Amino acid sequence: MKCRDVYLHICENLDQGADSPRCRQIRRHLEACSDCASYLDSLKKTVDLYRALPDPRIPRGAHLRLFKIIKTINRGETSSPRRLKKTADGKAGHGAKTPGKRRNN
Amino acid sequence: MPASHLLKTSSPRTLPEELIIAEARRGDRKAFAELVRRYEETVYRFSYKLCRDREKAEETLQDTFINVFRKLNSFDGKSKFSTWLYTIVVNNCRMRHRRRKIREIEESLESLDNPPASVDGHFSKEIARWEETPADLMLGKELKEQLDAAIQKLPDEYRVVFVLRDIDGRSTEETAAIVGISQEAAKSRLRRARAYLREQLDPYMSTPQGGRR
């Protein structure tokens, strides 16, 4: 197995845990090839870095605006709900991009 | 006991998801609100991971639940509700970025299938070692900016596969179902996305002297 073959197949299982003949060949190649071992290591670290990025929680304003839309839906005020936009004063206002039949506020 | 009666007598928060979905499909307002409450955080986080922008994530959040309201009757229960929901998020993101010019980047991603190799199939250039681990780096501001910049350069079709498989830990099968592509295509996009991100981060992460182990 050559580096190019490893390069193309190494990605499928970064942990190399599978026991298929191809995976066994890849493991053998990695033991002997420092370039491929470095490549695999850097791919794993790439994924780890993105996993380590913090998940933002939904901002309170976004939650409130979403539930304002849900209330209009649930009150039956519209069959064509529209997106709400944060306005300069921090309150919810209708966005212009999602078409709706009528305004609901 | 009829489900609608259960909703009247119990807190919706304690009821199983299938029941909530069934009642929301029948037009029960409390059930629909409960469905939104259960999934708003998931949808917002996933949207943020796709676009790395709070305002766009909120727009996608709103569009997604408006679409859920419109299309809930088409959910047949054959797939998991979360899979169906993710499909809506992905489609909303696609609509948002449809006009983005990605051809140039896609061509460079395809070239990643052919790494620099000599005639005997070995790497023709030395692969630099990445000495520092994510824990060592503590995800400082500069590194976060590098990560954001790199993933934002990825075309959406690749980014969504990377986020679903590598960040959210979904299976290849579920990722393919959400994106609406074959499992082989999902694997190919994942390979290119990882290779592209690795290449983008390489100058930042490589040890100055490079070097073999």
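**Two chains, one predicted model**

Okay, let's start where the chains meet: 40 residues of chain A and 46 residues of chain B make up the contact. Before I go on, please keep in mind that this is a predicted model.

On the chain A side, three helices each put in at least two residues: H1 (3-9), H3 (34-52) and H4 (60-74). Which of them gives the most to the side that touches chain B? That's H3(A), with 16 residues. If you sort the chain A side by class, you get 22 nonpolar, seven polar and eleven charged residues.

Let's stay with H3(A) for a moment. The helix has 19 residues, and from first C-alpha to last it reaches 26 Å. At 1.5 Å a residue you'd expect 27 Å, so the helix comes out close to that. H3(A) also holds a list of buried residues, including A:Cys36, A:Tyr39, A:Leu40, A:Leu43, A:Leu49 and A:Tyr50. There are polar and charged names on that buried list too, among them A:Asp35, A:Ser38, A:Ser42 and A:Thr46.

Now the rest of chain A. It has four helices and two strands, and along the sequence they come as α-α-α-α-β-β, with the helices ahead of the strands. Chain A has 105 residues, and 27% of them are buried. Take the contacts in chain A between residues at least 6 apart in sequence: 32% of those join residues at least 24 apart.

Over to chain B. How many helices and how many strands does chain B have? Eleven helices and zero strands, so reading from the N terminus you just get α-α-α-α-α-α-α-α-α-α-α. Of the 213 residues in chain B, 36% are buried. For contacts between residues at least 6 apart in chain B, 58% join residues at least 24 apart.

Chain B is also assigned two domains: domain 1 is 3-97 and domain 2 is 105-205. Where they meet, eleven residues of domain 1 are in contact with twelve residues of domain 2. On the domain 1 side, the elements giving two or more residues are helix H3 (29-51) and H5 of chain B. H5(B) has the largest share there, with seven residues. By class, that domain 1 side is a mix of four nonpolar, four polar and three charged residues.

While we're on H5(B), which covers residues 81-97, have a look at B:Trp84, which is found in that helix. Is B:Trp84 buried or exposed? It has 20 C-beta neighbours inside 10 Å, and 20 is the cut-off, so B:Trp84 counts as buried. Setting aside neighbours within four places in sequence, B:Trp84 is in contact with B:Phe75 and B:Ser79. And if you measure across to B:Thr175 on your screen, 91 residues along the chain, the two C-alpha atoms are separated by 11 Å.

B:Thr175 takes us to the next helix, H10(B). This helix (172-179) packs against H11(B) (183-205) at an angle of about 100°, with the axes 9 Å apart. That angle is why we call H10(B) and H11(B) roughly perpendicular. H10(B) brings B:Thr172, B:Glu173, B:Thr175, B:Ala176 and B:Val179 to the contact, and H11(B) answers with B:Gln183, B:Ala186 and B:Lys187. By class that's three nonpolar, three polar and two charged residues.

H11(B) has another partner, H9(B), residues 156-167. Their axes come within 8 Å and cross at roughly 95°, which makes H9(B) roughly perpendicular to H11(B) as well. From H9(B), the residues involved are B:Glu157, B:Tyr158, B:Arg159, B:Val161, B:Phe162 and B:Arg165. Facing them in H11(B) are B:Ala186, B:Arg189, B:Leu190, B:Arg192, B:Ala193 and B:Arg194. So what classes do we have in this contact? Six nonpolar, no polar and six charged residues. Notice B:Ala186, by the way: it's on the H11(B) side of the contact with H10(B) and also of the one with H9(B).

One last oddity for anyone who likes backbone angles. B:Arg52 has a positive phi of about 50°, although it is not a glycine. Where is B:Arg52 found? In the loop between H3 and helix H4 (54-71) of chain B. With 17 other C-beta atoms within 10 Å, B:Arg52 is partly exposed.

That's my tour, thanks for listening.

Terms used: Residues are numbered from 1 along each chain as its sequence is written. Chains are lettered from A and ligands numbered from 1 in the order in which they are written. This is a predicted model: local features need pLDDT of at least 70, side-chain atom pairs count only at pLDDT 80 or more; totals for chains, interfaces and linings use all residues. Axes are lines fitted to C-alpha atoms, for helices over the stretch in contact, and angles run from 0 to 180 degrees between N-to-C directions. Angles under 35 degrees count as roughly parallel, over 145 as roughly antiparallel, 65 to 115 as roughly perpendicular and the rest as oblique. Two residues are in contact if their C-beta atoms, placed from the backbone, lie within 7 Å. A residue is buried if 20 or more other C-beta atoms lie within 10 Å of its own, exposed if 12 or fewer, and partly exposed in between; C-beta atoms are placed from the backbone. Domain bounds come from an automatic or database domain assignment.
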